[in-house]
Amino acid sequence: MSERVRSLDVLRGVALLGILPANIPYFGLPAALGRVDRGFAYHATRLFFDYKFITIFSLLFGVGIALQRRSAERSGRSFGWTMTRRLLVLWIFGIAHAVLLWYGDIVSYYAPLGLLLFWASGARPRRLAIAGSILIAIPIVGMGTVAPLISLRPDRPPASWLSATEVPRGDAAAARRAVHGSDREFLEALQPPGPELERAVFREGSYGRVTIFRAVLWIGGLFEWGWYIGWRIAGLFLLGMALAGTGWLSAPVDRGRVLRVAAIGMAVGLPLHVGSSFLAGTAPVSTARDLWAELLLYAGSLASAAAYVALVGLATAGGVPRVLRPLEAIGRTAFSNYLLQSLLCTLFFYSYGLARFDTLDSLDLWLVVAAVWAVQLVVSPLWLSAFAAGPVEWLWRTLTYWRFQPIRRPAP
C-alpha cells in the first residue's frame with residue numbers, strides 16, 4: 001500500500017474520531033434539547049467539529065468509490081454489479097445500525113446516494129467537480145433566499161449568547177406511564193414523541209421499546225433532515241470521485257500549495273463559524289437567526305474541512321509517523337469503529353446499559369468522548385496486529401463477494 005493511500009487511512013481515522021463530538025449530544029440528550037445548552041462546550045464543538053468531519057468522511061467515500069472502480073477494472077471484475085452489491089449490503093447495515101443501535105446513522109444515507117451516483121465515477125474530473133459543487137451549493141442558495149424573507153417577519157426576542165434556553169419537555173409522569181404501560185399507550189405516545197418521552201424510553205424502557213422509538217426517530221430524520229443533508233453528501237461524493245481522478249492521490253505533496261489551502265481554509269472558515277456560533281447562541285428561539293447561523297456553518301465547514309485535509313496531508317507527506325499509526329488503524333477499520341462508537345455510547349446512556357441518558361451537561365459529555373476515543377485508539381492497532389481487517393469490514397466484503405475473505409493477518 002502506498003504512503004499516499006496510507007495517508008487517506010489517517011485522514012479517515014481523524015474524520016471518524018471527529019464525528020463523535022458532533023454526535024454526542026444526540027447520544028446523551030433528547031434530540032429536541034441536544035443543542036440547547038449554549039455554553040463553552042457547545043460553541044467549541046460548533047467551531048471545530050460540526051459538519052467538518054462528516055464533510056471529510058463523505059469526500060473520502062467518493063474517493064473510495066473511484067478507487068473501487070480502478071480495482072475492478074484492473075482485476076477484470078464487473079464494477080457495476082460489484083458496487084451495487086457492496087452498497088446494498090451497506091444499506092442493510094445502515095438500517096440495522098439505525099434501528100438496533102442509534103437513530104443518527106449516516107450510512108443509511110450514504111448507501112442509496114452511492115447507488116444513484118457510483119456510475120458517474122468514470123466521468124471526467126472537471127465534470128464531476130462542477131456537478132458536485134452545484135449539488136453542494138443548492139442548500140446555500142435555498143437558505144440564502146429564504147433567510148432574508150424570514151428576517152422581514154417579527155421574531156421573538158433572542159436569549160443571551162451563553163445562556164441555556166428552556167424548551168417545553170411535556171409531562172414527565174405521563175411519559176413514564178406510557179413507557180411502562182400497554183403497547184397501545186406507548187404507541188399513542190409516539191404521535192409525536194416529545195423530549196420527556198425520549199428521556200423515559202432511553203432511561204427506563206425495555207430494549208424492544210427503545211428499538212421502536214429509535215426507528216421512529218430515524219424515519220422522522222429521513223424526512224426532516226435527509227432532504228437537506230443529502231445534497232451536500234451527494235456533492236461531496238462527486239468531488240471525491242473527481243479528486244481521485246486528478247492523480248492527486250499518487251502525486252508528491254506540494255507543501256507550499258497545501259499550506260496555502262490550510263491557511264485559506266482557516267481564514268475563511270473560522271470567521272464564518274464565529275458568526276454562526278454567535279447567531280445560534282443569541283437566538284435559540286429565532287427562526288431567522290438560526291437559519292442565518294446554519295447558512296454560515298454550512299459554508300464555513302467546507303472551508304474548515306479543506307484546511308483539516310491539508311493539515312493531515314502535511315503531517316503524512318513523508319510517510320505515516322509512528323504517533324499517527326493508531327489513527328491509521330482506526331481509518332482502516334472505520335466502519336467497525338463507527339459502530340463501536342454507537343455501541344459504547346448507547347451502553348453508557350441507555351436503559352439496557354448504565355442508563356445515564358440526559359444526566360450530563362455538554363461539558364461532561366466530552367468526558368464520554370475522550371473515553372470512547374481512548375478505547376478506539378488502543379483497540380484498533382491491537383486488532384490489526386492479529387487480523388487483516390476490521391470485523392465489520394470483513395463481513396461486508398464477505399457478503400459483497402459472497403465468499404469468505406481472509407480474516408487472519410498473514411504471517412510476515
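These questions and answers look at aromatic rings in a predicted model.

Me: How many aromatic pairs does the structure hold?
Reply: Pairs are counted by the distance between ring centres, which must lie within 6.5 Å. On that basis the structure holds 23 aromatic pairs.

Me: Are the planes of Phe93 and Phe335 stacked, edge-to-face or tilted?
Reply: The ring centres of Phe93 and Phe335 are 5.9 Å apart, and their planes stand at 50°. Stacked needs under 30 degrees, and edge-to-face needs over 60. The angle fits neither, so the pair is tilted.

Me: How many residues apart are Phe93 and Phe335?
Reply: Phe93 sits in helix α4, residues 79-100. Phe335 sits in helix α15, residues 334-349. The pair links distant parts of the chain, and its two members are 242 residues apart.

Me: Is Phe335 buried or exposed?
Reply: Buried means under 20% relative accessible area. Phe335 has 9% relative accessibility, so Phe335 counts as buried. Its partner Phe93, at 17%, is also buried.

Me: What kind of pair do Trp102 and Tyr103 form?
Reply: Both residues are buried. Their ring centres lie 5.7 Å apart. Their planes are at 50°, so the pair of Trp102 and Tyr103 is tilted.

Me: Which residues do ring pairs link into a cluster with Phe202?
Reply: Here ring pairs join several residues into a cluster. Linked with Phe202 are Tyr207, Phe213, Tyr350, Tyr352 and Phe357.

Me: Which residue lies over the face of Tyr51 and of Tyr298?
Reply: Over Tyr51, the distance from the ring centre is 5.1 Å. Over Tyr298, the distance is 4.5 Å. The residue over both faces is Arg232.

Conventions:
Residues numbered from 1 in each chain as written. Predicted model: local features only at pLDDT ≥ 70, side-chain atom pairs only at ≥ 80, totals over all residues. Heavy atoms only, no water. Phe/Tyr/Trp six-rings, centres within 6.5 Å; stacked < 30°, edge-to-face > 60°. Helix = DSSP H or I, 4+ residues; strand = E, 2+ residues; numbered from the N terminus. Buried < 20%, exposed > 50% of the residue type's maximum accessible area, 1.4 Å probe, protein only. Lys NZ or Arg CZ within 6 Å of the ring centre and 35° of its normal.
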